[in-house]
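Biologist: Let's go through this model together. Could you take my questions one by one and show your reasoning?

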Amino acid sequence: MHSWFIVLDIFNIVCLTFVILVLFVFLLTITFDKTCHTIPMIHIANSCLATLICASDIYWISVCTLRNDLQQIYNEYLFCIFGGYLTYVTCAVLNYSFLLQAFYRYVIVTYPSNLFWQSQRCQILFAIVAWAYALIFPITFMFNGEIIYNMHNQICQIPLRLSFTMIFVTMSLYVSPLLLTILIYYRLVRYVYRMNKRIIPVNTLSRAQNELKMVRRTVTLLCTVFIIDFPYALFLFISFFTIPPRYHFRIAYVFINVGLACVIIILFQFTEQLRSSVLKIFNLQLGTTTEPNNT
């Protein structure tokens with residue numbers, strides 16, 4: 001056993017403990033603060049819930065990994081396969097939750113008179129569909145034996161290699177929501193640019209620019225997470241041509257956990273309503289004048 005295994009295990013547990021505690025505060029705030037009962041905050045709550053379940057799942061994996069490393073056990077631990085399945089589910093929901101946020105902002109600007117697409121019922125339905133899709137598509141991987149125990153990394157995952165399964169997972173979990181979110185941002189930029197060329201009410205243009213800024217923040221969040229999680233993508237790319245490093249999952253999951261911490265920090269910074277409500281709970285005062293409420 002390498003001594004740095006223990007260091008990484010402890011770091012993962014500490015990092016995930018921070019993420020889980022902060023997300024509990026966020027979700028409790030959104031639940032009990034009536035000013036947070038808006039459609040944009042429903043999407044934020046959906047992202048927080050997905051992140052919380054993902055962090056809790058990886059926390060369990062990290063605790064089991066630490067125990068096995070300390071005792072030098074190389075056998076599959078309890079709920080290992082299910083933990084691997086849940087990781088794919090929650091990562092998918094998290095990425096698609098950002099896509100739903102961008103889509104909602106796009107609808108507000110481009111179809112302001114279509115109240116059905118902007119309704120709370122419709123947005124909740126989209127979130128339910130995203131959860132259903134994320135829960136269903138990895139099930140086959142769990143039951144057909146594609147999620148397996150990796151002894152060197154003490155984790156149950158689909159092996160990184162050139163295969164239809166790995167390509168499908170990559171496209172479903174990461175590439176599709178990222179590209180669709182960027183596409184929505186691009187179309188919204190073009191739409192607002194055309195609005196600037198026309199004579200329209202100032203408040204309409206201001207609203208469109210405001211929503212564009214919120215979508216830009218969502219794209220920034222997604223791209224930041226992608227950059228932080230780049231080692232996983234790099235190991236995946238390497239696996240298409242040769243065998244990746246033996247401890248690739250251990251290394252990649254350190255960056256994934258840091259990425260989860262960055263998600264909650266960026267969400268807190270970008271979501272004015274959430275930030276104000278949390279600070280109000282802890283009786284803190286904003287040091288500077290806050291921006292107009294964009295959520």
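Modeller: Sure, and keep in mind that this is a predicted model. Let's start with Val263, which has a relative accessible area of 1%. The cut-off for buried is under 20%, so Val263 counts as buried.

Biologist: Which helix is Val263 found in, and which residues does Val263 touch beyond those up to four places away in sequence?

Modeller: Val263 belongs to helix 10, which covers residues 248-270. Leaving out residues up to four places away in sequence, the contacts of Val263 are Thr51, Phe98, Leu221 and Val225.

Biologist: How far apart in space are Val263 and Ala102?

Modeller: In sequence, 161 residues separate Val263 and Ala102. Going C-alpha to C-alpha in space, the separation is 16 Å.

Biologist: What does UniProt say about residues 82-104, and how far apart are the end C-alpha atoms of that span?

Modeller: The unreviewed UniProt entry annotates residues 82-104 as "transmembrane region", along with other spans including 44-62 and 249-270. In the model, residues 82-104 are 100% helix and 0% strand. Residues 44-62 are also 100% helix, with end C-alpha atoms 26 Å apart. For residues 82-104, the end-to-end C-alpha value is 32 Å.

Biologist: How many aromatic pairs turn up, and what kind of pair do Phe103 and Phe126 make?

Modeller: Searching the whole structure gives 18 aromatic pairs. For Phe103 and Phe126, the ring centres are 5.7 Å apart and the planes sit at 80°. Planes over 60 degrees apart count as edge-to-face, so the Phe103 and Phe126 pair is edge-to-face.

Biologist: Which helices hold Phe103 and Phe126, and are these two buried or exposed?

Modeller: Phe103 lies in helix 3 (residues 80-110) and Phe126 in helix 5 (residues 120-136), so their pair ties together parts 23 residues apart in sequence. Relative accessible area is 25% for Phe103 and 22% for Phe126. Buried would need under 20% and exposed over 50%, so Phe103 is partly exposed and Phe126 is partly exposed.

Biologist: Which ring does the charged end of Arg250 sit over?

Modeller: The charged end of Arg250 is 3.7 Å from the centre of the ring in question. That ring belongs to Phe5.

Biologist: Why is helix 11 largely enclosed, and which helices do its buried residues pack against?

Modeller: Helix 11 (residues 272-281) has 10 residues and seven of them are buried, so the rest of the structure largely encloses it. Among the buried ones are Glu272, Arg275 and Leu279. The packing partners of the buried residues are helix 1 (3-32), helix 2 (39-71) and helix 10.

Definitions and conventions
Residues numbered from 1 in each chain as written. Predicted model: local features only at pLDDT ≥ 70, side-chain atom pairs only at ≥ 80, totals over all residues. Heavy atoms only, no water. Buried < 20%, exposed > 50% of the residue type's maximum accessible area, 1.4 Å probe, protein only. Contact = heavy atoms within 4.5 Å. UniProt positions renumbered as here; feature names shortened; annotations may be inferred. Phe/Tyr/Trp six-rings, centres within 6.5 Å; stacked < 30°, edge-to-face > 60°. Lys NZ or Arg CZ within 6 Å of the ring centre and 35° of its normal.
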